[in-house]
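I opened the model to look up one sheet and one pocket, and I keep my notes here in the order in which I checked them.

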Amino acid sequence: MVTTKAKTIFKSDMNSDIQARLTPSINNKGHLVLGECDCYDLVKEFGTPLYALDQQYIEYMSLALVNTAKKEYPNSLICYASKAMCCKALYQLVSRLGLGVDVASGGELYTAIIAGVDPNKIYVHGNAKTVAELSECLVADVHAVVIDSLDEIETLNNLALNHGKIQGVLVRVNPGVEAHTHEYIQTAKVDSKFGFSVANGTAKQAINVVNNKQNLKLLGLHCHIGSQIFDTTAFELAVDKMTDFMVELKNNFKIEIEELNMGGGFGVIYTDEDKPLKPEIYVRNIVGKLKECIEKKSIKPPRLILEPGRSIVGEAGITLYNVTTVKEIPNVRKYIAVNGGMFENPRHALYQSKYTATLALKANEPKTETVTIAGKCCESGDILARDLKLQRAEKGDVLAVLSTGAYNYSMASNYNRNLIPPVILCNNGKAKYIVKPQTYEDLVARDEDL
Ligand code: LLP
């Protein structure tokens, strides 16, 4: 199949490395193609709205991260942050590629276990895990629970005692670095619902408490400095702070940290304003800084864990819609309304997120209009993207919103009792459901009569 690389979709000055990794492409019929599947065929077979993921892209990103980590720092593990997109098939795919996973709820843990993920590669997050969720961690034999509060230490230790187990834990630390895109701040801010602050001494206190618990084994430290980060300065600063803290623990408590988890946050392209680094560079720079700190501060080299979510699945995904209405308000705005909305992608409503879109069957036509994509939910905030460039759209056209693989399906709801769209995985010209369509029967399945 003849395809044009996605530069015509994301018109841009991106460098060729980034161009090369982009998905989807356009074929000689002017149709959008994902995983060698023509969107015309996808829509015919699976309908709309539809989440579609490119398997090869997920494999490419996963392996780029895993292989670089292995090469540069063999004692490392890349964990997929499954909050970005969680279903059985995705856990199976990333597990086969050698990744571990991080989960952030009992539901994600259950899905991971059912999918066959090795519990020894599971890290469990959450600032307010329930007693039931902590018990589930013990039953599942997860590698580590990431401790986020003093209360949790007590509860987990008691549960572990009842289970006759010693549970491995990391302590989530707030190192005083916050990052977003190219900007970061160094902060002594202690006001966060996550983790323990190094600045006010609570991190040290928490570690001391953990260390005195019979049924907990302190494995290491965790931090997560932010999301959609486009350079590694902030990560490097965080490595510096975390290793300083390791030195302090060694000197004060004779504790040697075995695992250092630096969280996720590698950026992706939503629009041509976004210029993330190659996955290899994120890993290489973080590892480089870690090696330098180990040497300079004479600390025992810890196992390094990274937890990217968005960068593994974000650009792998597109969402396909049918244009249901075109409404032009003269001199004000042109609305393209589709059969989706905030129930399947709440990101614009929540964060004013920007996207790139194209008409999937007219992808070669020039983008001559500036439009706003409206969803079908009964509230005016239900907008999918504002002021984006698009080909001239008509009722019945197929709209593709790009880079929707992360935090779309995973944040979907049944608002207005809309059905959450199915998810398909596309690879080598073949597509299959990895999440089947919901039905109206599903919607009422747990409803009880009065
Ligand atoms: N590890 C921890 C502890 C996290 O809290 C997160 C994301 C990650 C890893 C993965 O970060 P990533 O590589 O995906 O950036 N719903 C928001 C994103 C929230 C991210 C929360 N934590 C969005 O749609 O942009």
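**Sheet and pocket**

I looked first at strand 11 (residues 177-181), which runs antiparallel to strand 12 and is joined to it by four bridges; strands are DSSP runs of E with at least two residues, helices are runs of H or I with at least four, and both are numbered from the N terminus. Within this pair I found Glu 178 bridged to Ile 185 of strand 12.

This is a predicted model, in which local features need pLDDT of at least 70 and side-chain atom pairs pLDDT 80 or more, while totals for chains, interfaces and linings use all residues. Residues are numbered from 1 along each chain as its sequence is written, and side-chain values use heavy atoms, without hydrogens or water.

I then traced the open sheet, whose three strands have the order 12-11-15 with mixed pairing (two strands pair if DSSP finds at least two bridges between them). Strand 12 (183-186) and strand 15 (226-229) are at the edges with a single partner strand each, so one side of each has no neighbour in the sheet.

I turned next to the largest pocket, an open set of 1 Å grid points where a 1.4 Å probe fits, with protein on both sides within 12 Å along at least five of seven lines, and lining residues having an atom within 4 Å of a point. The lining has 48 residues, and His 224, Gly 226, Ser 227, Gln 228 and Arg 310 lie nearest the centre. Strand 11 gives the most to this lining, with four residues, and strand 15 is among the elements that supply at least two.
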